[in-house]
Number of protein chains: 2
Amino acid sequence: MRLLIVEDEKRLALSLAKGLTAEGYAVDVVHDGREGLDRATTEPYDLVILDIMLPGLNGYRVCAALRAAGHDVPILMLTAKDGEYDEAEGLDTGADDYLTKPFSYVVLVARVKALLRRRRAAGASPVHVHGDLKVDTAARRVWLGEEEAELTAKEFSVLEHLVLRAGEVVSKADILEHVWDFAYEGDPNIVEVYVSALRRKLRADLIRTVRGAGYRLETAP
Amino acid sequence: MRLLIVEDEKRLALSLAKGLTAEGYAVDVVHDGREGLDRATTEPYDLVILDIMLPGLNGYRVCAALRAAGHDVPILMLTAKDGEYDEAEGLDTGADDYLTKPFSYVVLVARVKALLRRRRAAGASPVHVHGDLKVDTAARRVWLGEEEAELTAKEFSVLEHLVLRAGEVVSKADILEHVWDFAYEGDPNIVEVYVSALRRKLRADLIRTVRGAGYRLETAP
DNA sequence: TGGGTCCCATGCGACTCCTGATCGTCGAGG
DNA sequence: CCTCGACGATCAGGAGTCGCATGGGACCCA
């Protein structure tokens, strides 16, 4: 599951990102409305957390623009203080839920989970397909063609992270940050070890090495 | 199935909790409106029983706030005496049903079941079939092939949660969260114990362990 | 008081994960 | 075109974690 946080308060944004990453989500953060809109329209997010008070373009506008462009990604609005949020306007522009600051972290996580759950109940499938590779993130199962591959938890997490960014180059540092603990201080070699295992269990040419930069999951066959 | 009771009369709240627990629900109780709202927004309840006369925040307000935040959990209102309840207002704020005190316990249980059933009717049937496993969540009965299995309340609740998300990996934390009540702070080993019991009473390969992630109820092959 | 459910504790067994070392490969610059 | 250095791939083994089974105690209801 991939989340986008659009929030200009950097401390808050960072702490949310940290926590949600620990929950197992792939999290991107941007700090202004314009960039938020760009990212949300170009990348496949499962949920957007959107502050209302933003430089560039405010949250309502971002939300409305997204809906106008036909994106139905769930949107969770954040409001700076009680009363600022105009509920009618929020619902009009197409937000799915909102939270009033200050809120506790557990509340946020609960809302995020609830929205994703609601989405899933509506029939959205968490299955990613690239060529003959099929990854079901909810079932934690992987197929290569007809055959199912048996992956360990870590192997699956690494693959999931690559799949969520299929076609992009993902650095080892990025993989370490998302799959391992934030404060992990180990050898980046560990990533190589897992990529190696994935190539062995799946197919060698599925994950391309980009020397000096990282890895890229091949999309087109 | 997890229920929240928001009721300041402690004797009543306690007796309802006791009865509903015996029915196999995981029940949490809070005594004022503010905390009720907090809980209902942060924990994944399947139904909320909400008194109108409450300290802190009255029932209408709690209900309206829940709906405004996008939560569609079924809500059963309790009114202190005939005439106090303004049906129009109750329905406006988004309650699904109401009961006028005094009411009998069996009536309450019937309404609770009806609401949960209605919820299901909107989507899935109360009977789930996966291979030769048949689970009737309304009657709380389980068959394996022709033979009915005798499960305890907790065993059934665990199975029910797995069945509702058949094919997906469900973490132990998630099972704990949904099957046990808020006050429970036990270790995840208890989930292992119940899964073990289910495998023994049903069939070992029905619930698959996904090491490091959780359990998955196997769907059709 | 007795049967049953529920929860906890312990020990064992199996698997996963990481470390460190060695080997292989790429590419820049001479 | 060759050499060298840096980066990446692979392998094996031990430590640690995770999951399972089992037995016993607390509690509840008949």
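In the predicted model, B:Val210 stands opposite B:Gly214 of strand S12 of chain B. The two strands concerned, S11 (residues 207-210) and S12 (residues 214-217) of chain B, pair in the antiparallel sense over four bridges. Together S11(B) and S12(B) form a hairpin, with three residues between them. One residue of the turn, B:Gly212, has a positive phi of about 80°.

Elsewhere in chain B, B:Phe103 is found in the loop that runs between strand S5 (97-100) and helix H5 (105-121). B:Phe103 counts as exposed because it has 12 C-beta neighbours inside 10 Å, and a residue with 12 or fewer is placed in that class. B:Leu78 is 25 residues away from B:Phe103 along the chain, and the C-alpha atoms of the two are separated by 9.3 Å.

Chain A was examined as a whole. Its secondary structure comes to eight helices and twelve strands. The radius of gyration of chain A is 18 Å, and the globule rule gives 17 Å for 221 residues; the two values are close, so chain A is as compact as a globular protein of that length. Taken along the principal axes, the C-alpha atoms of chain A fill a box of roughly 55 × 35 × 30 Å. Of the 221 residues of this chain, 33% count as buried. Among contacts in chain A between residues at least 6 apart in sequence, 55% join residues at least 24 apart.

One position in chain A carries an annotation from a record. UniProt, in an unreviewed entry, lists A:Asp51 under "modified residue: 4-aspartylphosphate". In the model, A:Asp51 lies in strand S3 (residues 47-51) of chain A. A:Asp51 is buried, because 24 other C-beta atoms lie within 10 Å and the class begins at 20. When neighbours within four places in sequence are left aside, A:Asp51 is in contact with A:Val6, A:Glu7, A:Asp8, A:Gly59 and A:Leu78.

The two protein chains touch each other. On the side of chain B, 16 residues are in contact with 14 residues of chain A. By class, the chain B side of this contact has six nonpolar, six polar and four charged residues.

Both DNA strands were then considered in turn. Around DNA strand C there are 21 residues, of which A:Thr152, A:Lys154, B:Thr152, B:Ala153 and B:Gly186 come nearest. The elements that give two or more residues to this surface are helix H6 (153-164) and helix H8 (189-201) of chain A, together with helix H6 (153-164) and helix H8 (189-201) of chain B. The surface near DNA strand C is made up of seven nonpolar, seven polar and seven charged residues.

Around DNA strand D there are 17 residues, and A:Glu192, A:Ser196, A:Thr209, B:Ser196 and B:Thr209 come nearest. H8 of chain A and H8 of chain B each supply at least two residues of the surface near this strand. The largest share, six residues, comes from H8(A). By class, the surface near DNA strand D divides into four nonpolar, eight polar and five charged residues.

Terms used: Residues are numbered from 1 along each chain as its sequence is written. Chains are lettered from A and ligands numbered from 1 in the order in which they are written. This is a predicted model: local features need pLDDT of at least 70, side-chain atom pairs count only at pLDDT 80 or more; totals for chains, interfaces and linings use all residues. A residue is near a molecule or strand if its C-beta atom, placed from the backbone, lies within 6 Å of it. Ala, Val, Leu, Ile, Met, Phe, Trp, Tyr, Cys and Pro count as nonpolar, Asp, Glu, Lys and Arg as charged, and the others, Gly among them, as polar. UniProt positions are given in the numbering used here, feature names are shortened, and annotations may be inferred rather than shown by experiment. Two residues are in contact if their C-beta atoms, placed from the backbone, lie within 7 Å. The radius of gyration is taken over C-alpha atoms; the globule rule is 2.2 Å times the number of residues to the power 0.38. Two strands pair if DSSP finds at least two bridges between them.
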